[in-house]
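Please open the model in your viewer and keep the selection tool at hand. The tour below moves from one selection to the next and says what is to be found at each stop.

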Amino acid sequence: MTDARKPFLRLDNGEELPIKPRGYQLMSRPMLNRGTAFTHEERTALGLTGLLPPGSNTLEMQVRRVYAQYQSQGDDLSKNVFLTQMRDRNEVLFYRLLSEHLEEMLPIVYTPTIGQAIELYSDWYSRPRGVYLSIDRPEEMEDSLSNYGLDADEVDLVVVTDSEGILGIGDQGVGGIAITTGKLAVYTAAAGIHPRRSIPIVLDVGTDNLRLLNNDNYLGERHARVRGERYDEFIDRFVQVVSRMFPGALLHWEDFAADNAHRILAKYRGEHCTFNDDIQGTAAVVLAAALAGVQRIGSRMADQRIVVYGAGSAGVGIAEAMRDVMVSEGLSREEANRRFWCLGSRGLITQGMGSRVRDFQEPYARPDDEVIGWASTGNRIGLLDVVQRVQPTILIGTSAQAGAFTQEVVTEMAKHTARPIIMPLSNPTPRAEAKPVDIVSWTDGRALIATGSPFAPVRHGDVVHYIAQANNALVFPGLGLGVSVSKASRVSDRMIEASARAVADMAQDREPGAPLLPSVDQLRTVSAAVALAVCKAAAKEDLARVELTDPVQQVFAQMWQPTYAKIVL
Ligand SMILES: NC(=O)C1=CN([C@@H]2O[C@H](COP(=O)(O)OP(=O)(O)OC[C@H]3O[C@@H](n4cnc5c(N)ncnc54)[C@H](O)[C@@H]3O)[C@@H](O)[C@H]2O)C=CC1
Ligand SMILES: CC(=O)C(=O)O
Ligand SMILES: [Mg+2]
């Protein structure tokens, strides 16, 4: 008697998934397709006879071939396109290749190259990936999400952007969808989040980017950004629909402009399982780097004077996380707030700026009598003015202003502190506030450095300085995994702090020139450690909805591995 279930895929967890499509239909499903790795018997059973060259490959042989093809691509953008196309053809092969060459390929599928791919999204468009929700047709939201084809219990993660603040390249309209697919690639490669248990989404609310509005190829809604009440209603509808349709999913907000980012997070985090990567993910990783830095110089957070250049989503998120650590070290909240000097596009943020100070910046606004006479030109108190007066021990760059940490600023800072901690965190690479090679040279090798995008090591005298990449990629994958394993009902500040400490614990190398953070090639281990810490923190706060009897095993067992599951014929 024939078994009606056959052929089916037997997954590592014993689950059996029937394979319904045949022939080309099957090969157009990237999660089922394995191209030349189908055996002769599988080809016969699956309607593939004659549709593939006769030779059959193992996954390892396929990886060798596609890696050689990858290396023959002329430039980074072509490599990005090559990998995107492979992901659309065969996801296991894509993730296997990516995980075997993570350090080399992360800058291609993520920052910096992804910035170029996003800017060219409509010009280079070839096929869709994700869900596109338009503010002009809110009534289509449910249909659009259900067309993606996943049931209520099949989604662990939703990554969403409205594209207003993509990396440091600003408003990118519908092209921002690619940051959500890029983040999801990192979730899977780093933390083994199953590639089919997540949804990338762009909320197309229009764009204020005139280059896009005037480009005939532009594929988004062709009008200015909708703001105000209609925008808020659209976001609210989105949150309600997602939580109704996918009640178990973590909702990850990416690259919203600062005001919306802070407002949305504050509005929904108490009721929904949600977090903002730019605010909280970045805060955790930068806190980890700062903790490692102050530990290395034998100090503590509460003794630092910190200048934040670029007080937006990332900058203020970082200040909040550092402030909380200072409070746990014994400072009052008010004393801790006074350890920060934050700058925006109008210079140092002071109380006298009145309504131009945004709500989330208010705790850090400096009293006006403190800063009398600080401005060297006009009324604007610039970065050099602040560095001269404050003599900071930590300098953070989240402004997207390329080269803002000039030689004058860095040498001034280095005059007053033996080991300045300097973090030009803006992405993509051309937006960095300074290059590590210059910082090392200007400080005669004394600076402890972390950047947002990857930079090569710098040799200075006998020491090779390895540059930590303080990118939220060290945190969000593990955070997502931890939330998914523990089925946490919320993402709390304690869970974010636990992520930071887990990352910091993995950067214990004290050799001269050692990086402040674990390197990207350790991303899988880091993500597992972060997930474990998040699970424990969730359980401690009674936010976990499953019993964590053996959390190490529970985390490990949930990490998807890029291998071909057995096909039972
Ligand atoms: N390394 C990482 O993991 C992350 C890095 N970032 C990077 O940080 C940068 C900012 O991102 P977000 O905070 O999301 O953007 P945002 O728009 O929320 O913040 C940017 C801030 O910079 C300020 N700014 C603009 N011009 C300035 C100037 N001339 N001087 C001082 N401040 C100025 C703005 O007023 C704004 O407050 C981007 O380049 C982004 O790629 C963001 C998130 C994570
Ligand atoms: C890394 C990231 O989230 C950003 O640059 O916006
Ligand atoms: Mg971001």
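## Starting at the beginning of the chain

Select Pro7, which sits in the segment before strand 1 (8-10). The model you are looking at is predicted, and the peptide bond that leads from Lys6 to Pro7 is cis in this model, with an omega near -10 degrees.

## The whole chain

Now zoom out and show the whole chain as a ribbon, where you can follow 22 helices and 17 strands. Measured by the predictor's own confidence score, the chain averages a pLDDT of 96, and 100% of the residues score at least 70. For the complex, the predictor gives an ipTM of 0.99 together with a pTM of 0.96.

If you turn the C-alpha trace along its principal axes, it spans about 90 × 60 × 50 Å. A compact globule with 569 residues would have a radius of gyration near 25 Å, and the chain agrees with this because its own value is 24 Å. Of the 569 residues, 49% count as buried. When contacts between residues at least 6 apart in sequence are considered, 72% of them join residues at least 24 apart.

## Colouring the domains

Give each domain its own colour: the domain assignment has domain 1 at 8-107, domain 2 at 110-272, and domain 3 at 280-470 + 505-517. Taken over C-alpha atoms, the centres of domain 2 and domain 3 are separated by 30 Å. Where these domains meet, 10 residues of domain 2 are in contact with 12 residues of domain 3. On the domain 2 side, helix 12 (residues 258-268) gives the most, with 4 residues, and that side as a whole divides into 4 nonpolar, 5 polar and 1 charged residues.

Select helix 12 next and show its side chains. Its buried residues are Ala258, Asn260, Ala261, His262, Ile264 and Leu265. These buried residues pack against helix 11 (229-245), strand 6 (250-253), strand 7 (274-276), helix 13 and helix 14.

## Ligand 1

Which domains give residues to the shell around ligand 1? Domain 2 and domain 3 both do, so ligand 1 lies between them. Show the 29 residues around ligand 1, and pick out Gly168, Ala258, Gly312, Ser426 and Gly452, which come nearest. Helix 13 (277-296), helix 14 (313-328) and strand 9 (340-344) each supply at least two residues of this shell, and the largest share, 3 residues, comes from helix 14. Sorted by kind, the shell around ligand 1 has 10 nonpolar, 17 polar and 2 charged residues.

Stay here and select Gly168, which is found in the loop between strand 4 (157-161) and helix 9 (177-191). Is Gly168 buried or exposed? Gly168 is buried, because 27 other C-beta atoms lie within 10 Å, and 20 or more are enough to count as buried. Leaving aside neighbours within four places in sequence, Gly168 is in contact with Ala400, Ser426, Asn427, Pro428 and Arg431. For a contrast in position, draw a distance from the C-alpha atom of Gly168 to that of Pro18, 150 residues apart along the chain, and you will find 44 Å.

In that loop between strand 4 and helix 9 you can also select Ser163. Phi of Ser163 is near 65 degrees, a positive value in a residue other than glycine. Ser163 counts as buried because it has 32 C-beta neighbours inside 10 Å.

## Ligand 2

Move on to ligand 2 and show the residues around it: Thr111, Leu167, Asp255, Asp277, Asp278, Asn427, Gly452, Asn471 and Asn472. This shell divides into 1 nonpolar, 5 polar and 3 charged residues.

From Thr111, step to Pro112, since a cis peptide bond with omega of about 15 degrees joins Thr111 and Pro112. Pro112 is found in the loop between helix 6 (102-109) and helix 7 (113-119).

## A last stop

Finally, select Gln391 in the loop between helix 16 (383-390) and strand 11 (394-397). The phi angle of Gln391 is near 50 degrees, which is a positive value in a residue other than glycine. Gln391 is partly exposed, because 15 other C-beta atoms lie within 10 Å.

Key:
Residues are numbered from 1 along each chain as its sequence is written. Chains are lettered from A and ligands numbered from 1 in the order in which they are written. This is a predicted model: local features need pLDDT of at least 70, side-chain atom pairs count only at pLDDT 80 or more; totals for chains, interfaces and linings use all residues. Domain bounds come from an automatic or database domain assignment. Two residues are in contact if their C-beta atoms, placed from the backbone, lie within 7 Å. Ala, Val, Leu, Ile, Met, Phe, Trp, Tyr, Cys and Pro count as nonpolar, Asp, Glu, Lys and Arg as charged, and the others, Gly among them, as polar. The radius of gyration is taken over C-alpha atoms; the globule rule is 2.2 Å times the number of residues to the power 0.38. A residue is buried if 20 or more other C-beta atoms lie within 10 Å of its own, exposed if 12 or fewer, and partly exposed in between; C-beta atoms are placed from the backbone. pLDDT is the predictor's confidence in each residue, from 0 to 100. A residue is near a molecule or strand if its C-beta atom, placed from the backbone, lies within 6 Å of it.
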